[in-house]
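This text walks through a model of two protein chains. Please keep the sequence and the 3D view open while reading.

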Amino acid sequence: MLSKRIIACLDVRDGKLAKSVKFVDTKDIGDPVAKAKQYYEGGLDELVFYDITASSDKRAIMLDVVEQVAAQIFIPFSVGGGVRAVEDATSLRLAGAEKVNVNTAAVQDPELIARVATAIGSQSTVLSMDVLRVAVSGSIPSGYEIVIHGGRTHTGIDALAWARKAEALGAGEIVVNSIDADGTREGYEIKLTRMIADAVRVPVIASGGAGKPEHLYEVLTEGHADAALVASMVHYGDYTVAALKDYLAGRGVKIRRS
Amino acid sequence: MPTLVARPAGARERAVSGSNAKACYPTHNRVITIVDYNAGNLRSVKRACDAVGIEAIFTHDPDRVARAERLIFPGVGHAKTAMDTLVSTGLGEAVRTVVKRGMPVLGICVGAQLVLESSEEGPTPGLGFLPGHTRLLRVADPELKIPHMGWNNVRVEQPHPLLAHLQPHDELYFVHSYYLDPANSADVYATTEHGTRFCCALGKDNLFATQFHPEKSGKLGLALLDRFARWDGKPC
């Protein structure tokens, strides 16, 4: 039986950890490679780097980070942020990323999912979607809308329809990021996660809102998620990956502890 | 122990040559040749070898593959695409030569699937080193996802030097939608379960192959690669 996965997400800007993330162990501040290695040693199942570099001329720095991480950690890791073309995906794969996340560019050009999947395989093509709770309407029957540009721009696309379409186009995994829950540390959006997880056959990763171990338990059971993304709750040193795993295993969730 | 030749981690250029390497390994050649047939994950396999101090080179030259003393046959992606490439380049026959020469050979993922006679992905014939077929994974339970992606328990069915470090509850990393279905149970070394129980490591004599990815399975996977580098090619 597959274990539920715990995935840590690191935001990287210009090759360094984003300032918004304040780490307790000061020697690691700014170095995504050291942080990745620490999590790997601590039993993390998977890692995500989100490149929030604003200027395109600094994007090459991310490839160096990816190469360094790939040489030191031997669990799957994916990279997202700014992937607009097949070439972005193939260069990240060559640098050592196991999977590549597409988000905004795929909303603007859904066929990008198919092109990336053809180039690097569905198993490596992850659709990341940012979702906002809205009033149920004719165009948004699920009551959840896809937003882009970090949540600032509405698209008029229904989240449930988008998840199904992305799967049909070749996405091998879907990250459901709730903009409502993101940053609150009050728990994942269970209803949204469950709705998407039940609608597609590919694995679903819940994102946004994790603050306590109970939140992971809820989304991995009631929320039907295959994996839970964590960020600040481990970055700030409040919890270790091992402690989260002990907690989940204690409540009967199948989790990797080897 | 032979002296290991250190290679910089993440070196971009392809290592060229066996002749120098051979001089370093007069009696016990640990250098691993990785078959390069555009099947994707060979770089991650090489990085994992680097991490445990094993010298690995990759090559798409069938003659060099055929002469390999120790071979990794990786693969991700589509089985038919991979097989078509192996046939058109002559690399498939080169791998067959190494298997026949009795040198240790490790197949990974699609590389493992093509060890069998055919795959339903395509469909396509395989290299047919072992009897059996690769079949589409069908699971009835709607809560079980396809692809089978993530960490799963590997149950060792019969002892093998490459699996001797695994404990009963150990988990390794999988990502696949087709599964190995060898005809002879004697060829099955490990199984896993996703809706149904199926083979995830098979082998015979000097050939061993895994559906899981040792290069992405943390320390347990690295240990398997290290064992492969020291394996004499005998199943027990």
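Residues 1-27 of chain B have pLDDT under 50 throughout, and the model gives this stretch 29 contacts beyond four places in sequence. Where pLDDT is low, the predicted coordinates should not be read in detail. The whole complex is a predicted model, and the predictor assigns it an ipTM of 0.93 and a pTM of 0.90. For chain B the mean pLDDT is 88, with 86% of its residues at 70 or more.

Chain B contains seven helices and 14 strands. Of its 236 residues, 51% are buried. Counting contacts in chain B between residues at least 6 apart in sequence, 70% join residues at least 24 apart. One pair of distant positions in this chain is Arg47(B) and Glu215(B), which are 168 residues apart in sequence but 8.1 Å apart in space, C-alpha to C-alpha. Arg47(B) belongs to helix H2 (residues 42-51) of chain B. Arg47(B) counts as buried because 22 other C-beta atoms lie within 10 Å, and the cut-off for that class is 20 or more.

The strands of chain B can be followed from E4 (residues 105-108). Val105(B) and Gly107(B) point one way from this strand, Leu106(B) and Ile108(B) point the other way, and all are buried. In a regular strand the side chains alternate between the two faces of the sheet. E4(B) pairs with strand E3 (residues 71-73) of chain B in the parallel sense, over three bridges. Within that pairing, Ile72(B) is opposite Leu106(B). E4(B) is also joined by four bridges to strand E14 (residues 207-210) of chain B, and these two strands run parallel. There, Leu106(B) has Phe208(B) as its bridge partner.

An antiparallel pairing is found elsewhere in chain B, where strand E8 (residues 148-153) and E10(B) are linked over six bridges. Met149(B) is opposite Val175(B) of E10(B). Strand E10 (residues 171-176) of chain B is mostly covered, with six of its six residues buried. Glu171(B), Tyr173(B) and Val175(B) lie on one side of E10(B), and Leu172(B), Phe174(B) and His176(B) lie on the other.

Two peptide bonds in chain B deserve a look. Most residues other than glycine have a negative phi, and most peptide bonds are trans. The bond from Gly122(B) to Pro123(B) is cis, with omega near -5°. Pro123(B) sits in the loop between strand E5 (118-119) and strand E6 (124-125) of chain B. The bond from Ile146(B) to Pro147(B) is cis as well, with omega near 5°. Pro147(B) is in the loop between strand E7 (132-136) and E8 of chain B.

Turn now to chain A. Helix H2 (residues 59-70) and helix H3 (residues 86-95) of this chain pack at an angle of about 35°, and their axes are 8 Å apart. H2(A) contributes Leu63(A), Val66(A), Glu67(A) and Ala70(A) to the contact, and H3(A) contributes Ser91(A), Leu92(A) and Ala95(A). By class these residues are five nonpolar, one polar and one charged.

Which residues of helix H6 (residues 159-169) of chain A are buried? They are Ala159(A), Leu160(A), Trp162(A), Ala163(A), Ala166(A) and Glu167(A). Seen down the axis of H6(A), these buried residues fall within an arc of 165°, so they line one face of the helix. Their cover includes helix H5 (111-120), strand E6 (125-133) and helix H7 (190-199) of chain A, among other elements. Gly170(A), just after H6(A), takes a positive phi of about 120°.

Positive phi also occurs at residues of chain A that are not glycine. Asp14(A) has a phi of about 50° and lies in the loop between strand E1 (5-13) and strand E2 (16-17) of chain A. Asp14(A) is partly exposed because 15 other C-beta atoms lie within 10 Å. Arg185(A), with phi near 60°, is in the loop between E9 and H7 of chain A. Arg185(A) has 17 C-beta neighbours inside 10 Å and so counts as partly exposed.

Finally, the two chains meet. Their contact takes 24 residues from chain A and 30 residues from chain B. The side of chain A that touches chain B has 10 nonpolar, six polar and eight charged residues.

Notes:
Residues numbered from 1 in each chain as written. Chains lettered and ligands numbered in written order. Predicted model: local features only at pLDDT ≥ 70, side-chain atom pairs only at ≥ 80, totals over all residues. Buried ≥ 20, exposed ≤ 12 C-beta atoms within 10 Å, placed from the backbone. Arc of directions from axis to C-beta. Contact = placed C-beta atoms within 7 Å. Nonpolar A, V, L, I, M, F, W, Y, C, P; charged D, E, K, R; others polar. Axes fitted to C-alpha atoms, helices over the stretch in contact; angles between N-to-C directions. Pairing = 2+ DSSP bridges. pLDDT = per-residue confidence, 0-100.
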